[in-house]
Amino acid sequence: MGFFAFLILGLIAGAIAKAILPGRQGGGIFITLLLGVVGAVLGGWIGGALFGTGLNEFFSLSTWLLAIGGAIIVLLVYGMITKRSAR
């Protein structure tokens, strides 16, 4: 996958992960892009380690599921960090 395709994947995966998670998550479009890209990388790494698959094709279902799953994990961690520092 190319660099811009990976950024688009991360942005969309981050937005979907924010929509899936209950409650209010902070951050704007830039934070969504950043967390989505980090989540996509994490999802690709987990997919490669556990299932032997990664982020190969942009239109592959496994690519999207791994990216969204990774973005959910990253958003959960980000939410725990920002809520703890807000106190």
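## Starting on helix α2

I29 sits in helix α2, where a helix is a DSSP run of H or I with at least four residues, numbered from the N terminus. I29 is exposed, at a relative accessible area of 63%; exposed means over 50%, buried under 20%, and partly exposed in between, with a 1.4 Å probe and protein chains only.

A word on what you're looking at: this is a predicted model, in which local features need pLDDT of at least 70 and side-chain atom pairs count only at pLDDT 80 or more, while totals for chains, interfaces and linings use all residues. Residues are numbered from 1 along each chain as its sequence is written, and side-chain values use heavy atoms, with hydrogens and water left out.

## A greasy patch on the outside

I29 belongs to a nonpolar surface patch together with I8, L11, I12, I16, I20, F30, L34 and V38, and the accessible area of the whole set is about 800 Å². Two elements, α1 (3-20) and α2 (29-50), each give two or more residues to the patch. Which of them gives the largest share? That's α1, with five residues. To count here, a residue needs over 30% relative accessible area and no salt bridge, and nonpolar side chains (Val, Leu, Ile, Met, Phe, Trp, Tyr) are joined within 5 Å. A salt bridge is a side-chain nitrogen of Lys or Arg within 4 Å of a carboxyl oxygen of Asp or Glu. The areas come from the Shrake-Rupley method with a 1.4 Å probe.

I8 is a patch member found in helix α1. I8 is partly exposed, at 45% relative accessible area. Its C-alpha lies 9.5 Å from that of F58, though the two are 50 residues apart along the chain.

## One aromatic pair

The structure holds one aromatic pair. The ring centres of F3 and F4 are 5.6 Å apart and the planes sit at 70 degrees, so this pair is edge-to-face. For the cut-offs, centres must lie within 6.5 Å; planes over 60 degrees apart count as edge-to-face, under 30 as stacked, and the rest as tilted. Both F3 and F4 are exposed.

## Inside the core

The largest nonpolar core has 15 residues, and those touching the most other members are L9, A13, A17, A40, A67, I72 and L75. Such a core is a set of buried Ala, Val, Leu, Ile, Met, Phe, Trp, Tyr and Cys residues joined through side-chain atoms within 4.5 Å. The elements giving two or more residues to it are α1, α2 and α3 (61-86), and α3 gives the most, with eight.

Take A40: leaving out residues up to four places away in sequence, A40 touches F6, L9, L55 and A67, where touching means heavy atoms within 4.5 Å.

## Two glycines

Is G44 buried or exposed? G44, in helix α2, is buried, with a relative accessible area of 15%. Not counting residues up to four places away in sequence, G44 touches T53, G54 and L55. From G44 to S62 is 9.5 Å, C-alpha to C-alpha, across 18 residues of sequence.

G52 lies in the loop between α2 and α3. At 67% relative accessibility, G52 counts as exposed. The C-alpha atoms of G52 and L75 are 24 Å apart, with their positions 23 residues apart along the chain.

Definitions and conventions. Patches are made of residues with over 30% relative accessible area and no salt bridge: like charges are joined within 9 Å, nonpolar side chains (Val, Leu, Ile, Met, Phe, Trp, Tyr) within 5 Å. Rings of Phe, Tyr and Trp (its six-membered ring) pair if their centres lie within 6.5 Å; planes under 30 degrees apart count as stacked, over 60 as edge-to-face and the rest as tilted.
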